[in-house]
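Hi,

Here's the structure I promised to pass on to you. Have a look at it first, and then read my notes underneath.

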Amino acid sequence: MPLFAWSDEYYIGNEEIDTQHKKLFDILNRLFDICVSKNDVDSVESVTEELESYTHYHFKFEEQLMRDAEYKDLDKHITYHNYFTNEIKFAKRRQAQYRPDTDNKLVEFLSNWLIQHVTEEDKKYAI
Ligand SMILES: [Fe+2]
Ligand SMILES: [Fe+2]
């Protein structure tokens, strides 16, 4: 059972960014599924690595778009991105101790943060 389904309200109107957001949500859903099944430490770690590297790619891509568009709130937006990046690092540290029940909550937290970020912050520069 996936954590959540993609919704039209998550579209920000930039096709490439929307595609990247869908992929991020897809990775989070997969991570949630693995955490819930609680029996595959290697998969949890490898999907978290995937989340970390794709998040890095997406954030850099988005920040460059904003830079090119001279978006006025770029610095603030980068601060939000750095917060999320640090939360993933935190998730990795917890996984080193392997506590899947807390991973679970962490994935929910990351997903909720991402939904809010996409619908509130990413939308601001796309409009
Ligand atoms: Fe984004
Ligand atoms: Fe963003």
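Below is what I found, starting with the core and the helix packing and ending with a few single residues.

Before anything else, keep in mind that this is a predicted model.

**The core**

Let's start in the middle. The largest nonpolar core has 14 residues, and the members that touch the most others are Leu28, Leu31, Phe32, Ile34, Cys35, Val47 and Val107. Three elements each give two or more residues to this core: helix H1 (15-37), helix H2 (41-68) and helix H4 (100-126). Which of them gives the most? That's H1, with seven residues.

Ile34 is a nice one to click on. Leaving aside residues up to four places away in sequence, isoleucine 34 touches Asp40, Ser43, Val44 and Val47. Val47 turned up above as well, in the list of core residues with the most contacts to other members.

**H1 against H2**

Now see how the first pair of helices sits together. The axes of H1 and H2 are 10 Å apart, and the two helices pack at an angle of about 160°. Angles over 145 degrees count as roughly antiparallel, so H1 is roughly antiparallel to H2. The crossing of H1 past H2 is left-handed.

If you want to colour the contact, here are the residues:

- From H1: Ile17, Gln20, Lys23, Leu24, Ile27, Leu28, Arg30, Leu31, Ile34 and Cys35.
- From H2: Ser43, Val44, Val47, Thr48, Glu50, Leu51, Tyr54, Thr55, His58, Phe61 and Glu62.

Sorted by class, the residues of the contact of H1 with H2 are 12 nonpolar, five polar and four charged.

**H2 against H3**

H2 also packs against helix H3 (74-96). Here the axes come within 11 Å and cross at roughly 175°. H2 and H3 are therefore roughly antiparallel to each other, too.

- H2 brings Val44, Glu45, Thr48, Leu51, Glu52, Thr55, Phe59, Glu63, Met66 and Arg67 to this contact.
- H3 brings Leu74, His77, Ile78, His81, Phe84, Thr85, Ile88, Ala91, Lys92 and Gln95.

By class, the contact of H2 with H3 has nine nonpolar, six polar and five charged residues.

**An odd backbone angle**

What is the phi of glutamate 70? It's near 50°, which is a positive value in a residue other than glycine. That caught my eye because most residues other than glycine have a negative phi. You'll find glutamate 70 in the loop between H2 and H3. Glutamate 70 counts as exposed because it has 7 C-beta neighbours inside 10 Å, and the cut-off for exposed is 12 or fewer.

**Buried or exposed?**

A few more residues make good practice for this kind of counting.

Aspartate 122 is in helix H4. Is aspartate 122 buried or exposed? With 21 C-beta neighbours inside 10 Å, aspartate 122 counts as buried, since 20 or more is what buried takes. Aspartate 122 touches Ile12, Ile17 and His117, again not counting residues up to four places away in sequence. Its C-alpha atom is 24 Å from that of lysine 105, 17 residues away along the chain.

Glutamate 108 is found in helix H4 as well. With 15 other C-beta atoms within 10 Å, glutamate 108 is partly exposed. Between the C-alpha atoms of glutamate 108 and tyrosine 125 there are 26 Å, with their positions 17 residues apart along the chain.

Histidine 56 lies in helix H2 and is partly exposed, with 13 other C-beta atoms within 10 Å. From C-alpha to C-alpha, histidine 56 and asparagine 104 are 22 Å apart in space and 48 residues apart in sequence.

Last comes serine 37, which belongs to helix H1. Serine 37 is exposed, with 11 other C-beta atoms within 10 Å. Serine 37 and glutamine 116 are 79 residues apart in sequence, and their C-alpha atoms are 26 Å apart.

Have fun exploring!

Cheers

Definitions and conventions:
Residues are numbered from 1 along each chain as its sequence is written. Chains are lettered from A and ligands numbered from 1 in the order in which they are written. This is a predicted model: local features need pLDDT of at least 70, side-chain atom pairs count only at pLDDT 80 or more; totals for chains, interfaces and linings use all residues. A nonpolar core is a set of buried Ala, Val, Leu, Ile, Met, Phe, Trp, Tyr and Cys residues joined through C-beta atoms within 7 Å. Helices (H or I, at least four residues) and strands (E, at least two) are DSSP runs, numbered from the N terminus. Two residues are in contact if their C-beta atoms, placed from the backbone, lie within 7 Å. Axes are lines fitted to C-alpha atoms, for helices over the stretch in contact, and angles run from 0 to 180 degrees between N-to-C directions. Angles under 35 degrees count as roughly parallel, over 145 as roughly antiparallel, 65 to 115 as roughly perpendicular and the rest as oblique. A crossing is left-handed if the near helix is turned anticlockwise from the far one by less than a right angle, and right-handed if clockwise. Ala, Val, Leu, Ile, Met, Phe, Trp, Tyr, Cys and Pro count as nonpolar, Asp, Glu, Lys and Arg as charged, and the others, Gly among them, as polar.
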